[in-house]
Each structure stands twice: as structure tokens, then as C-alpha cells.
Amino acid sequence: MLILFRYLARELAGSLVAVTTVLLMILMSGRLIQQLAAAAAGEVSLDIVFFTLLLRLPSFLEMILPLALFISILLTYGRLYAESEMTVLTATGFSDKKLLGYTMIPALFLTLLVASFTLVLSPWGAQKMENLYEKQSKLTEFELLAPGRFQSTATGSRVTYTEALSNDKTQMHQVFIADGNTLLLAERGTQYVSDETGSRFLELHKGRRYDLTPGSAQLQVLDFDLYGVKIADEPEERRKLRKEAVPTLELIGSAEPKHQAQLQWRISLILMVPIVTLIAFPLSKVNPRQGRFARLFPAIVLFMVYISLLIAMTGMIEKRTLNPAIGLWSLHIVYLLIAAGLLLLPEWIRRRKIKGL
């Protein structure tokens with residue numbers, strides 16, 4: 001039995017490594033292209049592109065590993081059924097229960113691995129990325145300014161002039177800004193990043209604002225000691241990253257919907273591993289005439305519906321349209337029932353037919 005377990009584990013591990021590598025390369029290639037495009041647009045520094053990919057590796061693997069295990073079971077056991085190896089094992093008294101038990105051992109190991117990623121390593125990596133992006137956001141725009149020159153933003157909606165910049169390029173002196181029909185003059189300008197929203201603001205100190213009315217000679221003048229101009233909103237990716245960066249211990253017991261949704265999502269990735277194993281095991285049974293790929297497409301569709309519903313329901317919890325008490329647990333129960341049906345229904349039908357005879 002130990003030799004048989006080693007054989008099955010080796011076959012399953014080979015498929016798992018191959019599928020994981022392919023999926024990881026696809027995901028990281030798309031991410032690399034996205035980051036390089038952001039670096040080309042001046043949104044992030046090219047120096048941190050590859051470092052951020054390494055920091056995101058745990059979050060990639062926590063998504064990939066359940067799918068890789070699911071496909072690996074379908075491919076490995078599908079081949080054994082297609083080549084009649086499973087028929088030989090069954091003839092020697094090796095039952096489906098033993099095979100399922102052997103399959104759950106690597107699945108348990110993978111469950112622990114995904115748990116370490118989703119509960120510890122992914123939030124840690126997201127926090128490190130958040131720190132990097134925060135430093136980057138403080139450098140944008142001011143880094144591009146040259147004293148004594150009128151410069152427009154990338155969209156061309158705002159023109160900025162500064163007489164001098166501090167050595168660390170964090171403060172502007174004698175500032176002029178033309179934004180639409182508004183002119184701003186100030187003695188000094190600094191940049192501020194909101195901790196709550198992640199939006200960036202330009203704070204002007206001791207200045208005057210002129211509001212022009214098109215087609216009219218009216219001019220409104222406002223003197224101020226402190227005036228804030230929003231430079232940019234927080235990107236969608238940064239908002240997502242801020243949620244992922246919250247440590248798991250802080251999520252536990254939190255009453256905020258976004259924290260409850262994030263906690264349930266992390267636990268769901270762990271629960272997915274044994275559940276998809278139970279589903280893939282009966283779906284891997286194919287007739288030798290059908291071939292090993294006979295049930296691969298409908299099985300992957302079933303998995304994609306699973307993960308898509310998890311993502312949609314997570315968003316519903318954040319928006320308070322789904323009770324957190326029901327949450328994602330209801331979907332896991334549904335898929336557990338599907339797994340139970342796939343495991344038990346064929347045997348029940350077989351016994352009914354025998355009784356009918």
C-alpha cells in the first residue's frame with residue numbers, strides 16, 4: 001500500500017507542479033505587462049516593478065493552488081482510468097474509499113500551505129507593497145516639476161509653475177496654478193496623502209484664489225492661509241491592496257463589512273482545497289473509450305462558477321447587501337452537497353439497479 005501511495009502521490013505531484021507553473025507564468029506575465037505599462041506612464045518607478053511581483057507571489061499562489069490541484073486530480077486520475085490502471089487496482093481489492101483517503105493526504109498538505117499564504121504571507125506582502133506605493137505617491141508630480149517653467153499635467157487640465165523647489169522636492173515656493181477658470185497664487189506648496197482615502201492633495205499656504213467667469217468681467221477673489229487641491233484619487237488597485245494588507249488578527253471580531261468580507265474570503269480559499277478535491281475525485285472517473293479529458297471542460301466550468309460566486313458574494317458583503325452571517329458559508333455548503341451527490345449518487349443508482357434485477 002505504501003508503494004501504491006508513493007506512486008499516486010508522485011503522479012499527482014508531477015501534474016500539480018506542471019499546472020501550477022503554467023498558471024503562475026500566465027498570471028505573472030499579465031501582471032508584469034501591467035506594471036511595466038504603469039512604469040512607462042510614470043505612475044510607479046521601474047526599480048520596484050520586479051520587487052512588487054515577488055511580494056504578490058503568495059497572493060497569486062493562494063488563488064492558483066486550489067485550481068491547480070483540481071485540474072491535477074482530473075488529469076492524473078483521468079489518465080489512470082483511461083489506461084485501465086484503476087480497473088486493475090479495483091480488481092485487486094483497492095476501493096474508492098482508500099483512493100479518496102490517499103488523495104486527501106496531499107490535499108491536507110496543500111490546505112495548510114494555502115492557509116499560510118492567505119492568512120499570513122499575502123497580507124504581509126500587501127503591506128510591504130502599500131508602503132512602497134505610498135513612498136511612490138509622494139514623489140509623483142513634484143519629481144517631474146522643474147523650477148522656473150510652466151508645466152501641464154498628463155491630462156493637460158492643470159498648468160503649474162513654481163519659482164523654486166526644496167532639495168528633497170517636497171515643497172514648492174512661489175506657486176502659480178491655472179486649473180480651468182481658477183487661478184491660484186501661493187507662497188508655498190506641499191503634498192499631502194490622505195490615510196483614509198489614499199487620495200493625494202496639494203496644500204497651498206498663504207495665497208490667493210481668482211475665479212473667472214467665462215464671457216463676463218466678474219472676478220471673485222479669495223485670500224486663504226491653507227487651501228487644498230486634489231491631485232489624484234487613489235487607484236482601484238491601491239484600494240484593493242489596502243484591504244488585503246490588513247492583518248488577519250485585526251479582521252477577527254471586526255464589525256466593518258469590508259473586514260468581515262475580507263476575513264471570509266481568506267478562510268474560503270482554505271476551504272476550497274478540500275471541497276474541490278471531493279468534487280474532482282468522482283469527476284475524474286472516465287470510461288477508457290472516452291479519454292482522460294472527457295469531463296475536464298464541465299469540471300472547470302463548475303470550478304469557475306464556484307470562484308466567481310465567491311468573488312461576487314464577497315462584494316455583496318462589503319456593500320451590505322448580503323448578511324455576513326450567511327456570507328460565503330452558504331456557497332461552501334452548496335458545493336459540499338454537490339460533492340456528496342457526485343460521490344454517493346452513482347453507488348446509490350448502481351444498488352437500485354441491482355435490486356431491480
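Which residues have the most contacts inside the largest nonpolar core? Hi everyone, let me take that one straight away. The core has 59 residues, and those with the most contacts inside it are Leu8, Phe70, Tyr77, Leu99, Met272, Tyr306 and Leu310.

A word on the model before going on. This is a predicted model, where local features need pLDDT of at least 70 and side-chain atom pairs count only at pLDDT 80 or more, while totals for chains, interfaces and linings use all residues. Residues are numbered from 1 along each chain as its sequence is written, and side-chain values use heavy atoms, with hydrogens and water left out.

Back to the core. By a nonpolar core I mean a set of buried Ala, Val, Leu, Ile, Met, Phe, Trp, Tyr and Cys residues joined through side-chain atoms within 4.5 Å. Buried is under 20% relative accessible area, exposed is over 50%, and partly exposed is in between, using a 1.4 Å probe and protein chains only. Two or more residues each come from helix 1 (2-40), helix 2 (49-82), helix 3 (85-91), helix 4, helix 7 (257-283), helix 8 and helix 9 (329-356). Helices here are DSSP runs of H or I, at least four residues, numbered from the N terminus. Helix 2 gives the largest share, 16 residues.

Let's zoom in on Met272. Leaving aside neighbours within four places in sequence, Met272 is in contact (heavy atoms within 4.5 Å) with Pro66, Phe303, Tyr306, Ile307, Leu310 and His332. Apart from this core lies another, of 11 residues, including Leu165 and Met172.

Now for some polar company. Arg56 sits in helix 2, and with a relative accessible area of 10% it counts as buried. Beyond four places in sequence, the contacts of Arg56 are Arg31, Ala126, Met129, Leu241 and Glu244.

What about Ser122: buried or exposed? Ser122 belongs to helix 4 (residues 96-139) and is buried, because its relative accessibility is 8%. Ser59 is 63 residues away from Ser122 in sequence, yet their C-alpha atoms are 5.2 Å apart. A polar atom of the Ser122 side chain lies 3.2 Å from the backbone nitrogen of Ser59.

Last stop, the surface. Phe297, Val301, Val305 and Leu309 form a nonpolar patch there, with about 360 Å² of accessible area together. Such patches take residues with over 30% relative accessible area and no salt bridge (a Lys or Arg side-chain nitrogen within 4 Å of an Asp or Glu carboxyl oxygen), with nonpolar side chains joined within 5 Å and like charges within 9 Å. Areas come from the Shrake-Rupley method with a 1.4 Å probe. Val301, in helix 8 (residues 296-318), is partly exposed at 38%. Thanks, everyone!

Definitions and conventions
A polar contact is a pair of N or O atoms within 3.5 Å; within protein, one must be able to donate a hydrogen and the other to accept it, and residues adjacent in sequence count only if both atoms are side-chain atoms.
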